[in-house]
Amino acid sequence: MLIVMHHHATKEQVDHIIAAVEAMGLTAEPIPGSLRTAIGVLGNQGYVDDSTIRTLPGVRETIHVSKPYKMASRDFHPVPSVIDVAGVKFGDGQKPVIIAGPCSIETEEQMLTAAEQVKSGGGQMLRGGAFKPRTGPHSFQGLGIEGLKYLQQAGKEYNLPVVTEVMRIEQLDAVCQHADMLQIGARNMQNFDLLKEVGKLNHPVLLKRGMSATIEEFLAAAEYILSEGNRNVVLCERGIRTFETATRNTLDLSVVPLVRELSHLPIVVDPSHATGKRMLVPVMTKAALVAGAHGVMMEVHPNPAKALCDGAQSLSGEHFAELMQEINRLLDFLGYQE
Ligand code: PEP
Ligand code: MN
């Protein structure tokens, strides 16, 4: 970290900062300039908490050189990670994984039909929410444990590993028993207690980007999981909040190549929540794959018009099958092998 002093900072103020840095067990290296002094902070193992120093008299700003994430970064782990979810692999050198299924698990029959459609279309994983983070309390909140059973059964029947969202620590046992991968939704990306608990498990995690999280915050959230010992993290870009109202969110595709450079963790894209519009899902899916996504997660429902949640952004089974043909042609063109 670099501490930049005001040009009018006194020598006493500079000395005071040096003493404060040393009191933190770190080394302070003053760098006098023609206009102002800067103080280099050395000896830290990771991110320095600057909350006190920033407010001391004479300090203009602090500039972080180390990032708030280390284990998630490529500097720490230069080789890209490949995450295995019950035999389905996410990461460099792997064919991108297509995860599909309904927003919410509604009935046993709906889940079995959706799984059949995902499998016959060529998807590799099945999704479905049992615990739903709905904006309002009057909307369908999900079937809970009963839904987890339908999801697990449908996954087994069609040989598709399953992913589902966990919203609270108390749900972790049940979700681990029924699902191959835990999803942390956008609204819980900074639920640090949940992240820490998930970090103590071995279950693979799909960590979605918070709707107003920066890339740094996104990777710092992954760091919470990694630093507790769970290395099986796949990131998911699902759109961010901007001024635009024509789409549900704004798909930030540049995050894909950026994360691939900054981190060793695989990243997938969710074009359904990113756009909120069925019509945009195919083209944004293909754009995500061209940008280098390690997979795509999209909502597919046997009858989108009757879906209890997110029907407007869900593809029908037929529409999914058509899109999969285009995806396969694109993946051939991009040089991916089976
Ligand atoms: C979901 O994938 O079901 C979901 C609720 O998405 P997000 O957390 O990205 O809003
Ligand atoms: Mn949804």
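How far from an oxygen atom of ligand 1 does a polar side-chain atom of R238 lie? The distance is 2.6 Å.

This is a predicted model, in which local features need pLDDT of at least 70 and side-chain atom pairs count only at pLDDT 80 or more, while totals for chains, interfaces and linings use all residues. Residues are numbered from 1 along each chain as its sequence is written, chains are lettered from A and ligands numbered from 1 in the order in which they are written, and side-chain values use heavy atoms, with hydrogens and water left out.

**View 1. Ligand 1 and the residues around it.** The residues around ligand 1 include R127, K132, E165, A186, R238 and H273; a residue is counted here if one of its heavy atoms lies within 4 Å of the ligand. Three contacts can be traced in this view. A polar side-chain atom of R238 is 2.6 Å from a ligand oxygen, and one of K132 is 3.0 Å from an oxygen atom of ligand 1. A186 takes part through its backbone instead: an N or O atom there lies 2.8 Å from a ligand oxygen. Taken alone, ligand 1 exposes 300 Å², and the protein buries 96% of that. Accessible areas come from the Shrake-Rupley method with a 1.4 Å probe; for residues, only the protein chains shown count as cover.

**View 2. The aromatic pair of F192 and Y224.** Rings of Phe, Tyr and Trp (its six-membered ring) pair if their centres lie within 6.5 Å; planes under 30 degrees apart count as stacked, over 60 as edge-to-face and the rest as tilted. By this rule the count comes to one aromatic pair. The rings of F192 and Y224 are stacked, with 4.5 Å from centre to centre and 25 degrees between the planes. The pair links distant parts of the chain, since F192 belongs to helix α5 (residues 192–199) and Y224 to helix α6 (residues 215–227), 32 residues apart. Helices (H or I, at least four residues) and strands (E, at least two) are DSSP runs, numbered from the N terminus. F192 is partly exposed at 31% relative accessible area, and Y224 is partly exposed at 29%. Buried means under 20% relative accessible area, exposed over 50%, and partly exposed in between (1.4 Å probe, protein chains only).

**View 3. A salt bridge within helix α1.** A salt bridge is a side-chain nitrogen of Lys or Arg within 4 Å of a carboxyl oxygen of Asp or Glu. The whole structure holds 13 salt bridges. In this one, the side chains of K11 and D15 meet at 2.7 Å, N to O. The two residues are four apart in helix α1 (residues 11–23), so about one helical turn separates K11 from D15. K11 is exposed, at 58% relative accessible area, whereas D15 is partly exposed, at 34%.

**View 4. A salt bridge between two loops, R248 to D310.** The closest N and O atoms of R248 and D310 are 3.1 Å apart. R248 sits in the loop between β12 (233–237) and α7 (255–262), and D310 in the loop between β14 (295–299) and α10, 62 residues apart, so that the pair links distant parts of the chain. R248 is partly exposed at 35% relative accessible area, but D310 counts as buried at 19%.

**View 5. Further salt bridges, at E197 and around E237.** E197 is bridged to K200, with 3.0 Å between the closest N and O atoms. E197 is partly exposed, with a relative accessible area of 27%. Elsewhere, R209, E237 and D252 are linked in a network of salt bridges.

**View 6. The buried side chain of N230.** N230 is found in the loop between α6 and β12. Its relative accessibility is 0%, so N230 counts as buried. A polar atom of the N230 side chain lies 3.2 Å from the backbone oxygen of V198, and a polar atom of that side chain lies 2.9 Å from the backbone nitrogen of N232. A polar contact is a pair of N or O atoms within 3.5 Å; within protein, one must be able to donate a hydrogen and the other to accept it, and residues adjacent in sequence count only if both atoms are side-chain atoms.
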